Structure formats: structure tokens, C-alpha cells
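Me: Could you take a close look at one part of this protein for me? I would like to understand the sheet and what packs around it.

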Amino acid sequence: MSQSSGVGVIDKATMILDALESGPASLAELVEATHLARPTAHRLAQALAHHGLVTKDLHGRFTLGPRLTELAAAAGQDRLVAASRPSLHRLRELTNESTQVFKRQGDLRICIASAERPTGLRDTIPVGTQLSMSAGSAAQVLLAWEDQARIVQGLEGARFTAHDLARVKQRGWAQSVGERERGVASVSAPIFSPSGKVLAALSMSGPVQRTGNDPGRRYGSIVAQVAHDLSAAIAT
């Protein structure tokens, strides 16, 4: 621990949250990352889980909990959400479809910001909606830049393949047609942090009857450009 607040239990709890920032971790991985005693790490992780700051994924690993997103939104300090709003509206204007930003949380992806198409048939995904990481273009984007071990794990039961993820990483965007929901298509691109880590996925989605069966051909470069500009805005 590089700095101490003078309140040991808070410092140790923060170490656990910091360790989970890069993704889900088992108790053994938490102990290794924090150098806390195993009983201490377990007790603190369980206490954080009680308050929703930590949760467990389908594999029993600890991961950041939904309460953190709620607190960040309530405090108005979520830079990504704030920076996303103009980009969501811009993408909606360019595509005339609903737009969203998704962040990964364990085995789920959560919609943290959205801009719905104002009229007509639309794909409505309210803020806070939790969707599976096993289907959809945003799920592909959030998995494609992970390390190989996480990719292999993430592909278990997924409706896309390792080849699909390789293409996503190569061209910079992903598409899905009826993958998450019948009759719905989407295109997504990564939002990067200044260090090059994928923070979230920027998406547009709508009915297949409007987007067509190859939405990436029409919208891929548009979504990728808006996501690129958003990444640059976050870095400034």
C-alpha cells in the first residue's frame, strides 16, 4: 500500500477494490494482489459484498458490485458517463438509432448511459440494464481486448467465436444480428482509457428491418469514429 489514510480497515478495503478494478478475482488472487492475510481479505471482501460494493460472478470470483455505479452516478463524478452524453447524441443523429454505453461487470455488461431514438420502433435499453456477456456486439467488444485466458473463459457458452473476436480486434468494431434478441441488430466499438485499456463499449442498436443483416457495413466506421473521439475526449 503506497499511502495510508491512518485508518487501517479503510485502507485494506480500498486495496481490495483496487485489485478488482482490473476484473474478477478469486480469494487467492485477492490475497496475492493485496498481500493481505487470507482471513482478512475474505472478511473484508464479504463485508464489502454485504454493502453491494463487491459481488460474486457465476464462477464464484469477487468482482466490483453495482453499488459503486450507483454511487458514482449519484455523485455526478463518473467522467465516462458525463463525457458519453454528447457522443451518444451524436451517434444517434448519425445513425438514427438508439445508442448506449456498456461497461463490463463480471459476467454481465451494464448499460451506464443511453440515448433512445425519439420516435418509431426502437431497441430500448434503460440505464442500469444488465445483459449477458455471452451475446451481442458490446459483449464482443468488451471481451476482444482481454488476455487470452479471459477470452477462453468468456467464450464458454458464448454465441460468438474466437475467430469473431479476432476480427473485432482487427477492424475495431463488432456487429450482431439477432444474437442477443431476435429481430435486433447492433454495432459496437471500444472506448479506450489513456493507457489503452478498454473502458466500455459504445453501441447503436435497432430493428433488423432498418439496419439490415450486415449493419457493420453501414455503421461500423461511424460507431468506431465516434468511439475514437470519445476516447480522446476522456484523455484530455
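Reply: Happy to help; here is a walk through the sheet, its strands and the side chains around them. Please keep in mind that this is a predicted model.

Let's start with the sheet itself. Six strands make up an open sheet, and going across it you meet them in the order β5-β4-β3-β8-β7-β6, with antiparallel pairing. The edges belong to β5 (130-132) and β6 (174-177); each has a single partner strand, so one side of each has no neighbour in the sheet. On average, neighbouring strands of this sheet are turned by 30° against each other, direction ignored.

Now to one pair of strands, β7 and β8. Strand β7 covers residues 184-192 and strand β8 covers residues 198-207; they run antiparallel and are joined by nine bridges. If you want a place to find your bearings on screen, try S186, whose bridge partner in β8 is S205.

Both strands also take part in a nonpolar core. The largest such core has 23 residues, and those touching the most other members are V101, I112, I191, L202 and V223. Two or more residues come from each of α5 (79-95), β4 (108-115), β7, β8 and α10 (215-235). The helix α10 gives the most, with six residues. V223 is worth a closer look: leaving aside residues up to four places away in sequence, V223 touches L91, V187, S188, A189, L202 and M204. Another core, of 19 residues, lies apart from the largest one and has L131, I151, A158 and V198 among its members.

Next, the aromatic side chains. By the rule used here, there is one aromatic pair. The pair consists of W145 and F192, set edge-to-face with 5.7 Å centre to centre and 85° between the planes. W145 sits in the loop between α6 (137-144) and α7 (148-154), while F192 is in strand β7, so the pair ties together parts that are 47 residues apart in sequence. Are these two residues buried or partly exposed? W145 has 25% relative accessibility, so it counts as partly exposed. F192 also counts as partly exposed, at 25% relative accessibility.

Finally, two arginines sit over rings. R109 lies over the face of F102, 4.7 Å from the ring centre. In the other case, the charged end of R171 is placed over the ring of W173, at 3.9 Å from its centre.

Key:
Residues numbered from 1 in each chain as written. Predicted model: local features only at pLDDT ≥ 70, side-chain atom pairs only at ≥ 80, totals over all residues. Heavy atoms only, no water. Pairing = 2+ DSSP bridges. Helix = DSSP H or I, 4+ residues; strand = E, 2+ residues; numbered from the N terminus. Axes fitted to C-alpha atoms, helices over the stretch in contact; angles between N-to-C directions. Phe/Tyr/Trp six-rings, centres within 6.5 Å; stacked < 30°, edge-to-face > 60°. Buried < 20%, exposed > 50% of the residue type's maximum accessible area, 1.4 Å probe, protein only. Lys NZ or Arg CZ within 6 Å of the ring centre and 35° of its normal. Core = buried A, V, L, I, M, F, W, Y, C linked by side-chain atoms within 4.5 Å. Contact = heavy atoms within 4.5 Å.
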